[in-house]
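Okay, thanks everyone, let me put this one up on the screen. I'll talk through the ligand first and then the helices.

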Amino acid sequence: MDAAVEKDTGHGALGEAEREEAFRRLREHMPGRTPSAKGPKDQPDPFRSVVSCLLSAQSRDVNTAAAAKALFAFAKTPDAMLKLSEEEIARAIKPCGLYNMKAKSIRRLCAALIEEHDRVVPQTREGLMALPGIGRKCADIVMSFTFDEDVIAVDTHVFRVCNRTGITNERTADKTAAALERLVPDWARRDGHFWLLQFGKTVCLSRRPRCETCFLNDICRWFAAARDA
Ligand code: SF4
């Protein structure tokens, strides 16, 4: 298992009342969804959003943006994309890494959209996850940002925060997403991703979490384990 995952997980789960309290405090302290929360990666339509999300796997935002810009300069629709060869797509998306595999997936994704979905990107998690190259994280990001659904997508920040605090007690992103689906109070679903993301970027940092001044440190399982060690 990844050393960071090993370090961030396995410290226990919050009870229902503590979980509610954690979300109440996150709501109080962190910004929620805003009208400018567009994406993923600020793409203007569902097709480009889903392709951009596919490009983002194991890639930094800046490299994903460069790859998407180069690719969409050549093609902006599934039909136009399929006119490009796998090599041409791979060359365009080189900045985002894993470009040969992603080029193959993009062509398969476009073919599936044309043949099975009448060129329309599905608006359900199941439909998105059935597309080549699209996993749960990508499907949830598209659901949340592109289709404005109340879904908590689990990226690296959300995963770390949830499993350090004990909001969830899981060791993979997909299991964390499934647990959030079961455990998060209804009122926290719309903004939950945004609260957790901002909290992960500003307080519960990957390398040096600001535990001493954190507003969750009295209930956080990771902090309790570190303190008692
Ligand atoms: S106490 Fe530390 S580990 Fe726990 S949520 Fe706060 S910053 Fe993160």
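So, the shell around the ligand: its residues divide into nine nonpolar, two polar and two charged. For those classes, Ala, Val, Leu, Ile, Met, Phe, Trp, Tyr, Cys and Pro count as nonpolar, Asp, Glu, Lys and Arg as charged, and the others, Gly among them, as polar. Keep in mind that this is a predicted model, where local features need pLDDT of at least 70, side-chain atom pairs count only at pLDDT 80 or more, and totals for chains, interfaces and linings use all residues. Residues are numbered from 1 along each chain as its sequence is written.

Which residues are the closest to the ligand? They're C204, P209, C211, C214 and C220, out of 13 that surround the ligand. Being near here is a C-beta atom, placed from the backbone, within 6 Å of the molecule. Two helices, α10 (156-165) and α13 (221-228), each supply at least two residues of that shell. Helices are DSSP runs of H or I, at least four residues, numbered from the N terminus.

Let's stay with α10. Two packed helices are described by the angle between their axes and the distance between the axes. The axes are lines fitted to C-alpha atoms over the stretch in contact, and angles run from 0 to 180 degrees between N-to-C directions. With helix α12 (residues 192-202), α10 packs at an angle of about 85 degrees, the axes being 8 Å apart. That makes α10 roughly perpendicular to α12, a label that takes in angles from 65 to 115 degrees. On the α10 side, the contact uses H157, V158, R160, V161 and C162, and α12 brings H193, L196, L197, F199, G200 and K201. Contact needs C-beta atoms, placed from the backbone, within 7 Å. By class, that's six nonpolar, three polar and two charged.

Next, α10 and helix α11 (residues 173-183): their axes come within 10 Å and cross at roughly 70 degrees. So α10 is roughly perpendicular to α11 as well. F159, C162 and N163 of α10 meet A173, T176 and L180 of α11. This contact has four nonpolar, two polar and no charged residues.

Further back in the chain, helix α3 (residues 46-55) packs with helix α9 (residues 136-146) at about 145 degrees, axes 10 Å apart. Their contact has seven nonpolar, two polar and no charged residues.

Last thing: an unreviewed UniProt entry annotates residues 55-202 as "domain: HhH-GPD", and such annotations may be inferred rather than shown by experiment. Over residues 55-202, the chain is 64% helix and 0% strand.

Note on methods
Parallel < 35°, antiparallel > 145°, perpendicular 65-115°, else oblique. Contact = placed C-beta atoms within 7 Å.
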